[in-house]
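Morning, everyone. I'll take one structure and walk through three spots on it. Please keep the viewer open.

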Amino acid sequence: MKTPLAHWKYSSKQWDEFVTIEKENKKEDSIYFGIGILILGTLGLMIFRDTSFLMALVFAAPLAFLIPFLRLKFSYKHLKKGIKQPEIKIFFDKLIINKHTVWLQGPNKGVKSMKIIETKSNLQLLEFDVQWMTRKGPTNDEFRIPIPEDELEQAKHLITLL
């Protein structure tokens, strides 16, 4: 196995605080995503399939709830509380978060940008904006990890590397 660019460890309390913040962020993103599916799906069915508003809503509503729910359930398995000795290993092409692998680079995938963001509770997060190509053009997702208090300089250095 390659040597990680960084290996950060956290206390269980720090990790649980991060998971609470990140789940709220992801939940908010999913609500907006679901609303977008509901609106665009309903309008799309009405315009392109000449369906009534009620019928379009009946078809769009389950997708507006199901897709964001499944996205939360399967894409963010690493966001669990109660982890003993939580750790993150940062490699050029992936993150290993408590034994879960999050791919950052691949044949059709890459890191678009990285930045440091600060939460309302003064926790600093390193955000990876990962982009990949789909049939309809590029799409992206953000993965955020907590920066230990004594590793801020290393986080700034990582931004210059990736």
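Where is the place of Asn-98? It is in a loop, the one between β3 (94-97) and β4 (100-103). A caution before going on: this is a predicted model.

Is Asn-98 buried or exposed? Buried, because its relative accessible area is 12%, and the cut-off for buried is under 20%. Now its surroundings. Leaving out residues up to four places away in sequence, Asn-98 touches Trp-15, Ile-83, Gln-85, Pro-86 and Glu-87. Take Glu-87 from that list. A polar atom of the Asn-98 side chain sits 2.8 Å from the backbone nitrogen of Glu-87.

Next, the hairpin. Strand β5 covers residues 109-118, and strand β6 covers residues 124-134. They run antiparallel. How many bridges join them? Nine. For one pair to click on, take Met-114: its bridge partner in β6 is Phe-128. Five residues lie between the two strands. Asn-122, in this hairpin, has a positive phi near 65 degrees.

Last stop, helix α1, residues 12-48. Tyr-32 lies in this helix. Tyr-32 counts as exposed, because its relative accessibility is 55% and exposed means over 50%. Which residues join Tyr-32 in a nonpolar patch on the surface? Ile-31, Ile-35, Ile-39, Leu-40, Leu-43, Ile-47 and Phe-48. Together with Tyr-32, they have about 920 Å² of accessible area.

To recap: Asn-98 is buried in its loop, β5 and β6 run antiparallel, and Tyr-32 belongs to a nonpolar surface patch. Over to you.

Conventions. Residues numbered from 1 in each chain as written. Predicted model: local features only at pLDDT ≥ 70, side-chain atom pairs only at ≥ 80, totals over all residues. Heavy atoms only, no water. Helix = DSSP H or I, 4+ residues; strand = E, 2+ residues; numbered from the N terminus. Buried < 20%, exposed > 50% of the residue type's maximum accessible area, 1.4 Å probe, protein only. Polar contact = N/O pair within 3.5 Å; in protein donor to acceptor, adjacent residues only side chain to side chain. Contact = heavy atoms within 4.5 Å. Pairing = 2+ DSSP bridges. Patch = residues over 30% accessible without salt bridge, like charges linked within 9 Å, V, L, I, M, F, W, Y side chains within 5 Å. Areas by Shrake-Rupley, 256 points an atom, 1.4 Å probe, with all protein chains shown as cover. Salt bridge = Lys/Arg side-chain N within 4 Å of Asp/Glu carboxyl O.
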